[in-house]
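Let's walk through this fold together, one pairing and one packing contact at a time. Keep the model open beside you and follow along as each element comes up.

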Amino acid sequence: MLHEWQHVHIVVIGDVMLDRYVWGQVDRISPEAPVPVVLAQNTTETLGGAGNVAANASALGAQVTLIGACGRDANKVRVEELLAEQGIDSKLIALESMPTISKTRVMAGRQQCLRIDQEDRIKLSSEQEAFVLNLALDTLTPRTVCILSDYGKGLLSPYLCRALINQAHRASCPVLIDPKGKDWSKYQGADCITPNSLEFQQYAGLASNAKEDLFIRTAQKECSRLRLACLLITRGAQGMLLLGQDFHPTAIPTQAKEVFDVSGAGDTVIAGVGLGLGAGMDWEQAARLANTAAGIVVGKVGTQPVWAHELEQALNQEFGPHPKIVSWESLAREVISWQQAGSTVVFTNGCFDLMHHGHIRLLQQAATLGNRLVVGLNSDGSVRRLKGPSRPILTHTDRATVLAALECVDRVVIFDQDTPKELLQKIRPDILVKGGDYREDEVVGRDIVHQAGGRGEIIPIVDNVSTSDLIQSILRQNGLKCS
């Protein structure tokens, strides 16, 4: 899949924003007013609006061009830096009449306390609109997917929308639109519109409790009236509804396992549909791809993209018999993503050959120290070098599958070295955990974790039990000699 996605070219045109997150803790109420006091710990910045659509498309492996408008200020410089970091080709118009649109969210853990917006409506002159059209003309080819990301900030005027749709179709490019507002006539003739339920209900004048058959009939009518190939409506916990002039309505159930933050989910959906279409999928296949991507992104905190390895893993569990079993590269990217979102990553390692209650207690206690627990597992070759030729009893695939089945374990990663030192240098967790049979100065990799600002933890062993004792007990019970 990855090699197919890398050949997809997506052009995103729309309202570009800078999303800033101030992460902190709340432990008291202000004496000046009944509001929480947030002790700020760090600040992160990501691409928002059309920038987030572009970031998602790029993270999924596509080649991406972003066209939009910003102010002539420091935030524009930061937006361009973020775009460059993600390999996105940016074509941004700098306007003196407005600041770069930004949204600053103050977060206490995973809870948003406050949002501060800085924006003015974008107003393009006829010459500037012509410039945008020329920028689009230079990038649209028959192998390109065009996405119009409308956040209602003014860039995508009725004239520009219609002109871009016509221009894209002349270049044989499908046009996808994330809509805003109640006037959808400017989107007429696009290939697909991707509203959420509330956006569609407000546009179509439907009550929030409208019956399902009325909802579907209305959606089919609007799909025909707007001359769309299809309409993809995201419906939260109900998943998605795909309607088209050439096929029956299709309900696609949600893929989300846990929901922390739905902000940016619509950006992920439209990027996923664009990726699927560009890779040669039909509408239903592309919608299902986007649905899987949305199920991943709502499990993250803040505006974050879905990465290609995350989507591929969710689609076909490529890295092992269980989706929690991942490669080093996949894990390194996830750890960075978790840490940027304010999560504490805990790491422990071992052979875990014949799991017993001592292992379970260690893992459960380790999980309580942070938000994500990663288990490093010695490979079969590594175990043989450490324990002798008769070990392991179970293969690393079997051992990894057992570990991945535990609710307290978030990821399992296999290493072939005698120690996890190289792995720790790769992922740099926040907390390194070992059992009480180790002294702190005996824990391999503690220096790496300390240098990265983390710490080590020793968890006492409750019962004196080991896999070796368990194996010898089994042998004795079967009348076999212990070696």
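A good place to start is threonine 348, whose bridge partner in β17 is valine 433. Please keep in mind as we go that this is a predicted model. The pair belongs to a wider match: strand β14, residues 345-350, is joined to strand β17, residues 431-435, by three bridges, and the two strands run parallel.

Now step back to see where these two strands sit. They are part of an open sheet of five strands, with parallel pairing, and the order across the sheet is β16-β15-β14-β17-β18. At the edges you will find β16 (411-415) and β18 (455-459), each of which pairs on one side only. If you look from strand to strand, neighbours in this sheet are turned against each other by 25 degrees on average, direction ignored.

What lies across β15 and β16? That is helix α14, made of residues 396-404. The helix runs at about 165 degrees to β15, which covers residues 372-378. Since angles over 145 degrees count as roughly antiparallel, you can picture α14 and β15 that way.

Next, let's move towards the start of the chain. Strand β2 (residues 16-29) and strand β3 (residues 36-49) pair in the antiparallel sense, with 13 bridges between them. Together β2 and β3 form a hairpin, and six residues lie between the two strands. To find your bearings in this pairing, look for aspartate 19, whose bridge partner in β3 is threonine 46.

β2 has another partner too. Seven bridges join β2 to strand β6, residues 102-108, and here the strands run parallel. Which residue of β6 stands opposite leucine 18? It is serine 102. So much for the strands; helices come next.

Helix α2 (residues 50-59) packs against helix α8 (residues 265-278) at an angle of about 50 degrees, and their axes are 8 Å apart. That angle makes α2 oblique to α8. The crossing of α2 past α8 is right-handed. On the α2 side, the contact is made by Asn52, Val53, Asn56 and Ala57, while α8 contributes Asp267, Thr268, Ile270 and Ala271. Sorted by class, this contact of α2 with α8 has four nonpolar residues, three polar ones and one charged residue.

How values were computed
Residues numbered from 1 in each chain as written. Predicted model: local features only at pLDDT ≥ 70, side-chain atom pairs only at ≥ 80, totals over all residues. Heavy atoms only, no water. Axes fitted to C-alpha atoms, helices over the stretch in contact; angles between N-to-C directions. Helix = DSSP H or I, 4+ residues; strand = E, 2+ residues; numbered from the N terminus. Parallel < 35°, antiparallel > 145°, perpendicular 65-115°, else oblique. Left-handed = near helix turned anticlockwise from the far one by under 90°. Contact = heavy atoms within 4.5 Å. Nonpolar A, V, L, I, M, F, W, Y, C, P; charged D, E, K, R; others polar. Pairing = 2+ DSSP bridges.
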